[in-house]
Each structure stands twice: as structure tokens, then as C-alpha cells.
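Thank you all for coming; I would like to take a few minutes to walk through one model with you. Please have a look at it first.

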Amino acid sequence: MLAVLRNRTYRHLFLAQVIALIGTGLATVALGLLAFNLAGDNAGAVLGTALAIKMIAYVGVAPIASAFAERLPRRAMLVTLDLVRAGVAVMLPFVTEIWQVYILIFLLQSASAAFTPTFQATIPDVLPDERDYTRALSLSRLAYDLESVVSPLLAAALLTVISFNSLFAGTVIGFAASALLVVSVTLPSPKPAAPRGIYDRTTRGLRIYLKTPRLRGLLALTFAVSAAGAMVIVNTVVLVQAGFGLDQQWTAIALAAFGAGSMGAAFALPTLLDRFPDRSVMLVGAAVLVVTMLLGSLLAGYASLLVLWAIVGIGYSVTQTPSGRLIRRSSHAEDRPALFAAQFALSHATWLVTYPLAGWLGAAAGLPITFLVMAAIAAAGLIAGLYLWPARDPVIVEHTHADLPAGHAHIVQARPAGTGYAHAHDFVIDNEHTSWPVR
């Protein structure tokens, strides 16, 4: 897995990701504690609303940003967005009202909504070999998981000597260091195959995504990921501090257990994905999330929460990590930034549902009922994924063109078939292939 770090460009990007994520992780812990400080037992509702605002920024900004990103140098764009995020993070320690939290979260996450898909779309261009890219995906997942483990533990240690507001300084440092690492390398910036209008560039990724069966299945499985993930992120502080009567350090350790489970799965995934199809692996991961949410309604104490959160982390990573492989397989290089932006927006639209639901329902109906509702959402996502993503999902698909004239460059070597021309190749939605073939 670590062999891909020999690539200097990827190594610098990976380090930038790790450092920025640790800073973001410190902010996540601090934000939860800030919400508890401002709202007490209603912290889940406040945090749920703040995270819903984050999702609104992700869903609304990502497709628009991708439309402009293909015309801008990637390195300059990524560095600028890192500096914007650092500037917003500087203001977070001075928040005294809940509405201020909401405004700053929107600004911070709008910059992230432009940064993350652009960053994700760069990696396949830096590592064109699929095996290398698979390992880069696992390293990326590992980076997120290290953040989930290291950031809470680091936060727990720091909270013994500083106030939680001071944790936001780590976020500023993380974004600044990320910008310096990105500046140190040259990034590829593929140009679109042909000039397109703003509407086409804004919606192209969404149209390709929703016309591709495997990606529709991915979106369904994302509901399972978001249901379980929202329960962890929104309600851990409520479970630990209001439910079990423990202090801030134990909240951080519980979040670290979730990260540890996900990290263990990330180490195993390259081998699993070499042996089993993505679909099978991801469906098993989603089933794990359904079962853990059901078990969550029976939680008996803090020790059982740690075990449960570790298993949730395994299911979370197994379901989510292979998504980059599916997007790479489903697009041309020039459409990849738009498709990553579509995945970013659509996946976070599911979090827009589950984040506030986990917070508000937890405050109104209690956490056992909330676990059962999240289990139902995860189960619905699993069932929809089984239906929308066919078990037979070849990369090379035979299909017929009835809409292209004889002599068109795309069908030069195709054979006549009825009123059109038939051939087989790696199939993705593009200008010559506007819908998926029906068997």
C-alpha cells in the first residue's frame, strides 16, 4: 500500500491531506464541545443544525465550483481555498452565539465544497494505474481514519492544559501547512474535450452520475453510510456526557474507537478488492451498518459503546472507500472532476437528511428510537443498492448506435446491426453514449 508514496506529487498531496484532516478533526471535537457549552443537553440539535448547514454548502456549492474548476489551475485553486478555510477557522474561537456558529460553518464548508472534489479528481491523474489508485484510496481512507483516531486523542490530551476554544488553532495550522505542501508540486489540469456552456458544465457530472447504474447503487448505499455516520458524529457527545455522565476526554476516546475500526478496514481493503467485486464488498459493509444501528438501541454502557462504534467504523470504511474506483471506472478523464463533484454533492445530500434527523430526533424522542430510525434508513439504502446496481456489471459493454451517421469516427470499426452499428468497449456516459444500454 505504501509503495504509491514513492510518487513525489502524490506523497505531498497525501501529507497535505493528513495534516489538514488532523486540523479539521480538532475543529470537529471543539465544535461539539462548543455546542455543548452553548446549548447543554440540546447540543445534539445545535450540532445537527450546524452540520446540516455544512451539507447545504456542500450540495449547493460543489457542482458550481466544478464548472469553474476545469478552467482554473488546480494548484492555485487548492492553495487559495486552503487559505480561505484557515482564515475562517481563525474566527471560530471568538464565537459566543449559536447563530455565529452557523454562519462560520457555512463559509468554511463552502470552501471545502470547492476544495475536496478538485483534490479527489487530481489523484487519478497523478496515479493512472488502477492498482496504484486503489491503494491511494485506501491510504486516503486511512488518512481520514487516522484523523478520527489521532485528532480526538490529541484533543483529549490538549484539553488537559488548554480550553477547547484553543483547539481551533490546530485547524488554522493544518490548512496553512496543506497549502504549503500543495504549492510544492506541479499538478495536472486536464482541459475539457470541447467548450461547454455554464449549464452543461454545472450539470454534466450529475447527469452522468444518475445515468450510470453502479453510481445510482453507490448513492443508495451512501444513505446507509450517512445514517450510521450521523449517529456517531452528532450523538456521541450526548451519549457520553449526558447519557453516561462522563467528561470531554471520554467523548474523544469514543470517537477514536470509531476511527480505529475504520482504519483497520482500510488496511484490509486493497486485498479484499483484489479478490472480490466492489459491489459485494460494499453491500456487506452496508449490512454491517444496518445491524450495528439495530444493536445501538440496546446500548448498556460506555464499554459497549466503544465496541459498537469500532464495528460501525468497519462498516463505514468498507462501504465508502471503494467509491472512487467506481467513479474512475465510470468516466473519461476530462469528466472526472465534474463526476467527483456530483458524488460529493449527492452523497452529502444524504447527510443533509440524516444529520439534522439524528440531532432533532435524539433530543425529541430519545436515542434508542433514533438508533432504530437510522437502522431503517440504512436498510432502505441497502435494499435500493441491491436493486439499482446490477450484480452483472462489466466494464466492457456491447451496445448499438442507431443515432450516429455512417462514417462517424466512433463507429469506424463497428459492425452493422439492424438500423445501427454495434460494438463493445469500456462504456461510460458521454456525448456518444447518452444512456445506459438495456439488456
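I will talk about two helix pairs and then about one histidine.

This is a predicted model, in which local features need pLDDT of at least 70 and side-chain atom pairs count only at pLDDT 80 or more, while totals for chains, interfaces and linings use all residues. Residues are numbered from 1 along each chain as its sequence is written, and side-chain values use heavy atoms, with hydrogens and water left out.

Let me begin with helix H8, residues 213–243, which packs against helix H13, residues 336–365, at an angle of about 40°, with the axes 8 Å apart. That angle makes H8 oblique to H13 (oblique covers whatever is not under 35 degrees, roughly parallel, over 145, roughly antiparallel, or 65 to 115, roughly perpendicular). The residues of this contact of H8 with H13 divide into 15 nonpolar, nine polar and no charged.

H8 also meets helix H10, residues 278–296, where the axes come within 10 Å and cross at roughly 35°. The contact of H8 with H10 has 12 nonpolar residues, and no polar or charged ones; among them are Leu218 and Met231 in H8, and Leu283 and Met293 in H10.

Finally, His12 lies in helix H1, residues 8–39, and counts as buried because its relative accessibility is 14% (buried means under 20% relative accessible area, with a 1.4 Å probe and protein chains only). The side chains of His12 and Ser184 are joined by a polar contact of 2.5 Å, that is, a pair of N or O atoms within 3.5 Å, one able to donate a hydrogen and the other to accept it.

Conventions. Axes are lines fitted to C-alpha atoms, for helices over the stretch in contact, and angles run from 0 to 180 degrees between N-to-C directions. Helices (H or I, at least four residues) and strands (E, at least two) are DSSP runs, numbered from the N terminus. Ala, Val, Leu, Ile, Met, Phe, Trp, Tyr, Cys and Pro count as nonpolar, Asp, Glu, Lys and Arg as charged, and the others, Gly among them, as polar. Buried means under 20% relative accessible area, exposed over 50%, partly exposed in between (1.4 Å probe, protein chains only). Contact means heavy atoms within 4.5 Å.
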